[in-house]
Amino acid sequence: MYSKIPILAAIFLFCTCSSSPQINYPDHPRSILVMPPVNLSVDIAAPVTFLATSTIPLAEAGYYVIPVALSAQMFIENGVTVAEEAHGIPYARLHEIFGADSALYITIIQYGAIYYVLGSAVTAQASAKLVDLRTGRELWSGRVDVTENPSSASNRGILGTLVGAVIDQIAHTLSNRAYTVGRNANYKLLSPGSKNSILYGPYHPLYGP
C-alpha cells in the first residue's frame, strides 16, 4: 500500500539563547514527522492551521522536519484521508516509509470564534505528544490554551460591543484572528525553553548532554 520515500528536505534554524543546555531525550530523535492533526473542534480550518504552522517552531527547536506538504500528500495518495486513520498506522511502518525518528501527534480540542451576549472571543486549544517511531516510547506531551478577546463591553461600551460583534461576523475578521491565535498556540506548544515544553533538538546550540 505504501511506497518508501527518502527525506527530500530537512529544515532547521539556529537561535541563540542565554539559558543552560537541557537534558536530552532518551533516544535522541533527530527528525520529526508531523502527523495530520485530529480535529475535535467544529472549524474545518483548524487542522490546516496547526499543520502549516508546525514546521518553523520545530525547526527552530533544532530538528529535521519532514515537509508537511510532502507527508500530507503521501497519506492522501495511499488512501489515508482521515487524521484518525493516520494516527492508527503502526510506528514502525511510519519509520519505514518516511525515515523519521519520531512523530508528532496533535489533537485540536477547540479552535475558532466563541460568541456570547456582549462580545466574542477567539480561542485555540490543543494537546500534542512526541513519539519515538523506533521504540514506541512517548518522549514528550504538552497542552496549550490561547484565547484572544477582540470585543468586550469594558472597552467599547454595550452598544459599541454589539455593533462590533456584528461587524466581526460580517467581515469574517474572527476567522482571520482564529488563524493568528491558532498559529500562536502552535508556537507556544512547540517552542522549547519553558516549563514542560518540548526539548531542544540535536541541531540547536543548547542541545547537550
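Trainee: Why is Tyr 203 called buried?

Mentor: The relative accessible area of Tyr 203 is 17%. A residue is buried under 20%, exposed over 50% and partly exposed in between, with a 1.4 Å probe and protein chains only. The value of 17% falls under 20%, so Tyr 203 is buried.

Trainee: On what basis were such values obtained?

Mentor: This is a predicted model, in which local features need pLDDT of at least 70 and side-chain atom pairs count only at pLDDT 80 or more, whereas totals for chains, interfaces and linings use all residues. Residues are numbered from 1 along each chain as its sequence is written, and side-chain values use heavy atoms, with hydrogens and water left out.

Trainee: What makes Tyr 64 partly exposed?

Mentor: Its relative accessible area is 27%. That value lies between the two limits already given, so Tyr 64 is partly exposed.

Trainee: How many helices and strands does the protein contain, and in what pattern do they follow one another?

Mentor: The protein has 7 helices and 6 strands. Helices (H or I, at least four residues) and strands (E, at least two) are DSSP runs, numbered from the N terminus. Along the sequence the pattern is β-β-α-α-β-α-α-α-β-β-β-α-α.

Trainee: How many aromatic pairs are there, and why is that of Phe 50 and Tyr 111 called edge-to-face?

Mentor: The structure holds 4 aromatic pairs. The ring centres of Phe 50 and Tyr 111 are 6.4 Å apart, and the ring planes stand at 65°. Rings of Phe, Tyr and Trp (its six-membered ring) pair if their centres lie within 6.5 Å; planes under 30 degrees apart count as stacked, over 60 as edge-to-face and the rest as tilted. Both conditions are met, so Phe 50 and Tyr 111 form an edge-to-face pair. This pair links distant parts of the chain: Phe 50 belongs to helix α1 (residues 46-52) and Tyr 111 to strand β4 (residues 102-116), 61 residues apart. Phe 50 is buried at 0% relative accessibility, and Tyr 111 is buried at 5%.

Trainee: What makes Tyr 64 and Tyr 203 an edge-to-face pair?

Mentor: Their ring centres are 4.3 Å apart and their planes lie at 70°, so the pair is edge-to-face. This pair also links distant parts of the chain, with Tyr 64 in strand β3 (residues 64-65) and Tyr 203 in the segment after α7 (173-190), 139 residues apart.

Trainee: How do you know that Lys 129 lies over the face of Tyr 105?

Mentor: Lys 129 is at 5.7 Å from the ring centre of Tyr 105. A charge sits over a ring if NZ of Lys or CZ of Arg is within 6 Å of the ring centre and within 35 degrees of the ring normal. The distance of 5.7 Å satisfies the first of these limits, and Lys 129 is listed as lying over the face.

Trainee: How do helices α3 and α5 pack, and which residues meet?

Mentor: Helix α3 (residues 68-77) and helix α5 (residues 91-98) pack at about 115°, with axes 12 Å apart. Axes are lines fitted to C-alpha atoms, for helices over the stretch in contact, and angles run from 0 to 180 degrees between N-to-C directions. Ser 71, Met 74 and Phe 75 of α3 meet Leu 94, Ile 97 and Phe 98 of α5. Contact means heavy atoms within 4.5 Å.

Trainee: How do the residues of this contact divide into nonpolar, polar and charged?

Mentor: The contact of α3 with α5 has 5 nonpolar residues, 1 polar and no charged. Ala, Val, Leu, Ile, Met, Phe, Trp, Tyr, Cys and Pro count as nonpolar, Asp, Glu, Lys and Arg as charged, and the others, Gly among them, as polar.

Trainee: Why does Asn 186 count as buried, and which residues does it touch?

Mentor: Asn 186 has 0% relative accessibility, so it counts as buried. Asn 186 is in helix α7. Not counting residues up to four places away in sequence, Asn 186 touches Phe 50, Thr 53, Ser 54, Pro 57 and Ile 106.

Trainee: Why does Val 34 count as buried, and where is it?

Mentor: Val 34 has 1% relative accessibility, so it counts as buried. Val 34 is in strand β1 (residues 31-34). The C-alpha atoms of Val 34 and Leu 104 are separated by 4.8 Å, with these positions 70 residues apart along the chain.
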